[in-house]
Amino acid sequence: MKSYSNQRRLSLIFRYILLTLLAVLWILPIIWIVLASFSYNDTGFVSTFWPDKFTLQNYIGIFNNSQYPFGYWIRNTLVISILSMIISTFLTISVAYVLSRLRFAFRKPFLQIALVLGMFPGFMSMIALYYILKGLNMLNLGGLLLVYVGGAGLGFYVAKGFFDTIPRSIDEAAEIDGATKWQVFVHIGLPLSKPMIVYTALTSFIAPWTDFIFSGIILSTSGDAKTYTVAYGLYNMVHTTKGNATAYFAQFVAGCVIIAIPITILFVFMQKFYVNGITAGADKG
Amino acid sequence: MVEVDLNHIYKKYEGNDKYSVNDFDLHIKPKEFIVFVGPSGCGKSTTLRMIAGLEDISKGTLEIDGKVMNDVAPKDRNIAMVFQNYALYPHMTIYDNMAFGLKLRHYKKEDIDKRVKNAAKILGLEDYLDKKPGALSGGQRQRVALGRAIVRDAPIFLMDEPLSNLDAKLRVSMRAEIAKLHQRLGTTSIYVTHDQTEAMTLADRVVVMSVGHVQQIGTPLEVYNEPVNQFVAGFIGSPQMNFFNVHYKDGRMSDGKGLNLEVPEGKAKMLEEQGYNDKDLVFGIRPEDIHSEEAFMETWPNDVVTSKVVVSELLGATIQLYQEVDGTEFVAIINSRDFHQPGDVVKMGFDINKGHFFDKDTTLRIHN
């Protein structure tokens with residue numbers, strides 16, 4: 001007869017095998033990219049998993065590439081991403097807070113409309129956006145920023161769900177203590193929603209940092225490689241012509257590794273704010 | 001100290017056809033301790049929240065110190081409120097929790113410090129001032145909530161079931177704290193509870209409510225001894241009053257089952273004068289007015305019932321005997337010297353003079 005502890009051990013073993021498999025599947029491409037970025041080659045595509053010869057040449061090369069100004073791309077993307085992160089986070093958190101806490105006419109219909117609008121993929125609007133920005137003469141980084149932050153408010157659903165979990169009586173207590181709605185938001189709402197702010201900030205940084213579709217559409221017209229963002233620039237590197245594509249492949253891979261660095265740092269740095277149970281002690285229990 | 005005037009206040013929530021609070025009319029004197037009591041959903045919390053400004057008033061006017069407050073924001077009503085679930089600010093220390101309201105009102109730093117430290121001393125929270133609410137027990141949190149209210153020296157104190165999340169023992173000691181606090185500060189207080197013991201022990205006047213209507217307003221003794229109707233009689237007192245559907249005729253009442261008792265002359269005269277002879281009535285008697293002493297039964301031999309004990313609950317000094325006589329059930333509180341086991345057959349004397357008669361249709365108490 002199988003004992004309970006044996007059964008448990010067996011099920012644990014299965015779980016670990018499954019998780020290990022998944023972990024390997026996830027991490028393998030990343031390792032491959034990193035290895036390829038250090039691999040010496042002059043023939044184009046890297047076809048071996050383990051490099052024959054290690055080199056830093058790809059990293060040096062990509063910063064000195066005269067045709068593809070990688071340094072500019074990083075700077076452009078960083079500026080856009082940080083600005084987008086700040087503005088989008090403010091917009092998203094404000095909209096979410098208002099929809100969670102205040103009651104006003106058309107609140108319900110608005111929530112429904114926002115939900116339906118959110119079901120359409122963002123890039124559906126790209127042609128319209130292209131012509132609007134063209135009309136405004138904004139087919140540049142400024143226009144791109146506008147695209148990223150313009151719809152930020154609509155992404156309030158997750159944050160609103162979070163605000164909904166903060167007991168309303170805390171707000172009411174603050175109001176009776178003499179706070180205006182704005183003071184309640186600043187002194188109570190914001191400090192309590194640190195995890196949410198971090199989450200929103202991370203997502204609104206990463207979206208422009210890795211976005212390819214909009215940056216491609218909006219920045220391609222200028223034809224000036226110095227105004228590109230990283231994603232669009234790197235794409236150009238391997239795409240323009242067949243011959244170049246293979247020649248720059250190793251540098252392209254090095255570029256991919258470099259853009260992963262800020263995101264990783266951001267995650268590690270902000271993870272400590274990413275805590276649960278911040279409202280512990282407000283309520284009973 | 002201020003007075004609060006609730007003039008025929010009504011509340012209807014959007015989407016409801018019925019009013020949640022009907023014609024609430026009460027004048028609260030300075031320094032008075034008023035308790036709203038009633039079962040869940042009777043509108044007591046809603047009324048309190050209307051006074052606080054957290055709910056709009058649908059009809060009627062609320063005056064604080066003679067000024068109409070219907071359209072004044074909560075922050076400008078100068079009230080303090082304690083919530084059922086404490087509603088502390090979890091990211092702030094206990095000190096900051098109490099100081100928050102003062103900071104918003106731009107009190108001087110030294111003044112804030114003095115007030116917070118003083119409140120902490122009164123409530124025994126001095127050792128916890130730099131802790132966060134999460135590190136405190138339920139009773140301590142509730143004391144912080146009280147402290148947050150008293151530092152402001154607000155002339156009106158609102159409390160919404162402040163003790164209902166505490167365990168029984170803590171509830172009793174916090175109840176005493178609140179009573180002491182009121183004696184000390186003399187703040188006009190309005191307290192909401194569903195616990196009639198809290199209502200009886202704390203209140204200067206009790207407002208008994210049921211399904212959105214005020215049933216009775218009076219001192220604890222008044223609502224206990226002279227309930228206006230069957231609801232108040234049943235709600236105040238624990239275990240609740242025994243009710244019997246009886247038929248009264250010529251000095252005797254019977255419920256057609258095991259109960260057939262003589263009604264003493266005074267009560268009988270009153271009933272007959274008001275035309276209740278040969279009529280169906282509701283007779284109510286509190287458990288403590290049913291006696292097991294021989295002396296009582298010898299005095300009123302015609303009001304003695306022979307019954308069977310169903311459940312016997314020993315509480316220490318007293319014992320609650322749930323009994324049955326031919327299908328009629330009742331409970332008596334007697335001295336625990338007269339201990340009985342379930343199944344015992346006992347004799348019980350009813351003190352009809354202490355009992356109440358209620359009109360069967362209107363449920364109003366019949367009295368002179």
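## Exercises on chain B

In strand E14(B), Lys279(B) is the bridge partner of Tyr248(B). Keep that pair in mind while you work through a predicted model.

### Exercise 1: Build the sheet

**Task.** Work out the order of the strands in the open sheet of chain B, and find which strands stand at its edges.

**Solution.**

Step 1. Start with the pair you already have. Tyr248(B) falls within strand E11 (residues 242-249), and Lys279(B) within strand E14 (residues 279-285); these two strands of chain B pair in the antiparallel sense over seven bridges.

Step 2. Move on from E14(B). Four bridges join E14(B) to E20(B), and the two run antiparallel. Look for Leu281(B): the residue opposite it in E20(B) is Asp359(B).

Step 3. Carry on from E20(B). Strand E20 (residues 356-359) of chain B pairs with E21(B) over two bridges, again in the antiparallel sense. Here Phe357(B) has Ile366(B) of E21(B) as its bridge partner.

Step 4. Put the whole row together. The six strands come in the order E13-E12-E11-E14-E20-E21 (chain B), with antiparallel pairing, and the sheet is open.

Step 5. Check the ends of the row. Strand E13 (260-262) and strand E21 (365-366) of chain B each have a single partner strand, so each has one side without a neighbour in the sheet.

What holds such strands together? Strands of a sheet pair through backbone hydrogen bonds.

### Exercise 2: Split the chain

**Task.** Describe how chain B divides into domains, and say what kinds of residues domain 1 of chain B turns towards domain 2 of chain B.

**Solution.**

Step 1. Get a feel for the whole chain. Chain B has 10 helices and 21 strands, and its C-alpha trace spans about 75 × 45 × 35 Å along the principal axes.

Step 2. Mark the bounds. Domain 1 covers 4-235 and domain 2 covers 242-366. UniProt, in an unreviewed entry, lists residues 4-236 of chain B as "domain: ABC transporter". That span, residues 4-236, is 36% helix and 24% strand, and its end C-alpha atoms lie 25 Å apart.

Step 3. Compare centres and contacts. The centres of the two domains of chain B, taken over C-alpha atoms, are 38 Å apart. Seven residues of domain 1 of chain B are in contact with eight residues of domain 2 of chain B.

Step 4. Sort the touching residues of domain 1 of chain B. You get four nonpolar, three polar and no charged.

### Exercise 3: Look inside, then across to chain A

**Task.** Find the residues with the most contacts inside the largest nonpolar core, then describe the side of chain B that touches chain A.

**Solution.**

Step 1. See how much is buried: 40% of the 368 residues in chain B.

Step 2. Go to the largest nonpolar core, with its 144 residues. Val35(B), Met81(B), Ala145(B), Ala149(B), Leu158(B) and Val208(B) have the most contacts inside it. Its largest share, nine residues, comes from helix H3 (residues 70-101) of chain A.

Step 3. Zoom in on one of them. Leaving out residues up to four places away in sequence, Leu158(B) touches several residues, including Leu48(B), Ile51(B), Met81(B) and Ile190(B).

Step 4. Count the contacts between the chains. Chain B brings 25 residues and chain A brings 22. Strand E6 (79-82) and helix H2 (94-104) of chain B each supply at least two residues on the chain B side.

Step 5. Sort that side by type. The residues of chain B that touch chain A divide into 16 nonpolar, six polar and three charged.

Methods:
Residues numbered from 1 in each chain as written. Chains lettered and ligands numbered in written order. Predicted model: local features only at pLDDT ≥ 70, side-chain atom pairs only at ≥ 80, totals over all residues. Buried ≥ 20, exposed ≤ 12 C-beta atoms within 10 Å, placed from the backbone. Core = buried A, V, L, I, M, F, W, Y, C linked by C-beta atoms within 7 Å. Contact = placed C-beta atoms within 7 Å. UniProt positions renumbered as here; feature names shortened; annotations may be inferred. Pairing = 2+ DSSP bridges. Domains from an automatic or database assignment. Nonpolar A, V, L, I, M, F, W, Y, C, P; charged D, E, K, R; others polar.
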